Amino acid sequence: MINIFRVVSFLEGISYILLLFIASPIKYFYKDETYVKMLGMPHGILFIAYIALAILLRSELKWTQKQFITVCLLAIIPFGTFFVGRYLIKQQQE
């Protein structure tokens, strides 16, 4: 399940970056909502999957409250989910 979470966290990060730095500027500068509509739903689904998997992995990996909150907060910080994979690899090695 950790590998699935790593893939979802990577895809969620990509969708968030595309939404923030490509789709949103196009929407506001060119008045074209097409890209926001195309990327919004997949990003939402990936975000929900990310949080759901984090909840499931919390007990499996014995995360503390601080670790769990950190993993969840990384989902709302641009580029944050890219660090989750490294964090999980580091935790597995310990």
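In this predicted model, the count of salt bridges in the chain comes to one, and the two partners are Glu-33 and Lys-37, whose closest N and O atoms are 4.0 Å apart. As a general point, side chains of opposite charge can pair when their charged atoms come close. Of the two partners here, Glu-33 is partly exposed, with a relative accessibility of 41%, while Lys-37 counts as exposed, with a value of 61%.

From this pair we can step back to the whole chain, which contains four helices and zero strands, so that, read from the N terminus on, its elements follow the order α-α-α-α. The C-alpha trace spans about 50 × 20 × 20 Å along its principal axes. Of the 94 residues in the chain, 33% are buried, and the chain exposes about 6,300 Å² of surface, with 70% of that area supplied by carbon and sulfur atoms. If we consider the contacts in the chain with a separation of 6 or more, residues 24 or more positions apart account for 69% of them.

The third helix, H3, gives a clear case of how buried residues can be arranged along a helix. Its buried residues are Phe-68, Val-71 and Cys-72, and because they fall within an arc of 100 degrees when seen down the axis of H3, they line one face of the helix. The general background is that an α-helix has 3.6 residues a turn, so residues three or four places apart point the same way.

Just beyond this helix comes a loop that repays careful study, for Thr-81 is placed in it, between helix H3 (65-73) and helix H4 (82-93). Is Thr-81 buried or exposed? Although it belongs to a loop, Thr-81 has a relative accessible area of 2%, and because buried means under 20%, it counts as buried. A polar atom of the Thr-81 side chain lies 3.3 Å from the backbone nitrogen of Gly-13. When neighbours within four places in sequence are left aside, Thr-81 is in contact with Ser-9, Glu-12, Gly-13, Tyr-50, Leu-74 and Ala-75.

One of these contact partners, Ser-9, can be followed further, since Ser-9 is found in helix H1, which covers residues 2-30. Ser-9 is buried too, with a relative accessible area of 1%, and, not counting residues up to four places away in sequence, Ser-9 touches Tyr-50, Thr-81 and Val-84. Tyr-50 therefore appears both among the contacts of Ser-9 and among those of Thr-81, as long as a contact is understood as heavy atoms within 4.5 Å.

The loop between H3 and H4 also holds Phe-79, which is partly exposed, with a relative accessible area of 44%. Phe-79 helps to make a nonpolar surface patch of about 880 Å², together with Val-7, Phe-10, Leu-11, Ile-14, Leu-18, Leu-20, Phe-21, Ile-22 and Phe-83. Which element gives the largest share of this nonpolar patch? That share comes from H1, which contributes eight residues.

The loops nearer the start of the chain offer a point about backbone angles. In general, most residues other than glycine have a negative phi. Lys-31, however, has a positive phi of about 55 degrees although it is not a glycine, and Lys-31 lies in the loop between H1 and helix H2 (34-60). A second positive value in a residue other than glycine is found at Lys-62, where phi is near 55 degrees, and Lys-62 lies in the loop between H2 and H3. As for their surroundings, Lys-31 is exposed, with a relative accessible area of 69%, and Lys-62 is exposed as well, with a value of 68%.

The loop between H2 and H3 is also the place of Thr-64, which at 42% relative accessibility counts as partly exposed. How far apart are the C-alpha atoms of Thr-64 and Arg-6? They are separated by 19 Å, whereas along the chain the two residues are 58 residues apart.

Technical notes
Residues numbered from 1 in each chain as written. Predicted model: local features only at pLDDT ≥ 70, side-chain atom pairs only at ≥ 80, totals over all residues. Heavy atoms only, no water. Helix = DSSP H or I, 4+ residues; strand = E, 2+ residues; numbered from the N terminus. Buried < 20%, exposed > 50% of the residue type's maximum accessible area, 1.4 Å probe, protein only. Polar contact = N/O pair within 3.5 Å; in protein donor to acceptor, adjacent residues only side chain to side chain. Arc of directions from axis to C-beta. Patch = residues over 30% accessible without salt bridge, like charges linked within 9 Å, V, L, I, M, F, W, Y side chains within 5 Å. Areas by Shrake-Rupley, 256 points an atom, 1.4 Å probe, with all protein chains shown as cover. Salt bridge = Lys/Arg side-chain N within 4 Å of Asp/Glu carboxyl O.
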